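The following explanation is intended for a reader who has not met this structure before. Please keep the model in view while reading; it is a predicted one.

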Amino acid sequence: MWLWIILGLLLFFGFMVFTGAPYVPSKPREVRGALTDLYPLGPADTLVDIGSGDGIVLRIASSYGAVAVGYEINPLLVLISRLLAHGNRGVTTHLANFWNAQLPDTTTVVYTFGDARDITKMYKKVQQEATRIGHDICFITYAFEIPGITPEQTVRAHHRYTLKPLQSSARQV
């Protein structure tokens, strides 16, 4: 029995090491600060959380009236997130790989706890989505800055960037 539990834990944590940042629970007070001081989140917003973990960011965003959409690759964390948000119509958690996902067209804010290995790639993906959607997206990162890009604002460990749609060569006539 113990062997199966240990094997399960090794697989769980090994899975996270190879697929992205490890699960680190967010502190509600810090998330609230980011969603008020860096970006005043409200009912007109759709927040996307990359690697949404247990869904705390989603539940807090929903408490501000925003639509909250999470992408999480770990099935156990998706289950926990869905259980904790049970009955909250403003929260949706997808068991999906963010790299293959298309953000909702209404996305106004993307939140992530990325890691040094993936943060630049996340920035580029969100930039592509801003261009596809055709409007600015506020990108809030926790703990890691985008190398070579100065944040517009920093509050404690959170950093805010605004990604504007890029002009396509077809529009530049």
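Strand β2, which comprises residues 67-72, runs parallel to β3 and is joined to it by five bridges. Within this pairing, valine 69 has threonine 92 of β3 as its bridge partner, and glutamate 72 stands opposite leucine 95 in β3. Between the two strands the chain passes through α4, and the resulting β-α-β crossover is right-handed.

These two strands belong to an open sheet of seven strands with mixed pairing, arranged in the order β3-β2-β1-β4-β5-β7-β6. At its edges stand β3 (91-95) and β6 (153-155); each has a single partner strand, so one side of each is left without a neighbour in the sheet. From one strand to the next, the twist averages 20°. Helix α4, residues 75-84, packs on the sheet and touches β2 and β3, its direction making about 165° with that of β3.

Helix α4 itself merits a closer look. Its buried residues are Leu77, Val78 and Ser81. Viewed down the helix axis, the buried residues of α4 fall within an arc of 105°, and they therefore line one face of the helix. The N-terminal end of α4 is capped by asparagine 74, which has a side-chain oxygen 2.9 Å from the backbone nitrogen of leucine 76.

Attention may now turn to the loops. Is serine 52, in the loop between β1 and α3, buried or exposed? The loop that holds serine 52 lies between β1 (46-50) and α3 (56-63). Serine 52 has a relative accessibility of 4%, which is under the 20% limit, and so it counts as buried. Apart from its neighbours within four places in sequence, serine 52 is in contact with Leu58, Gly70, Tyr71, Glu72 and Thr93. Glutamate 72 thus appears both among these contacts and opposite leucine 95 in the pairing described above.

Two further loop residues are notable for their backbone angles. Most residues other than glycine have a negative phi. Alanine 143, however, has a positive phi of about 85° although it is not a glycine. Alanine 143 is placed in the loop between β5 (137-142) and β6, and with 39% relative accessibility it counts as partly exposed. Arginine 156, likewise not a glycine, has a positive phi of about 50°. The loop between β6 and β7 (158-163) contains arginine 156, which counts as exposed at 56% relative accessibility.

Conventions:
Residues numbered from 1 in each chain as written. Predicted model: local features only at pLDDT ≥ 70, side-chain atom pairs only at ≥ 80, totals over all residues. Heavy atoms only, no water. Pairing = 2+ DSSP bridges. Helix = DSSP H or I, 4+ residues; strand = E, 2+ residues; numbered from the N terminus. Axes fitted to C-alpha atoms, helices over the stretch in contact; angles between N-to-C directions. Contact = heavy atoms within 4.5 Å. Right-handed = clockwise from strand over helix to strand, strands pointing away. Buried < 20%, exposed > 50% of the residue type's maximum accessible area, 1.4 Å probe, protein only. Arc of directions from axis to C-beta. Polar contact = N/O pair within 3.5 Å; in protein donor to acceptor, adjacent residues only side chain to side chain.
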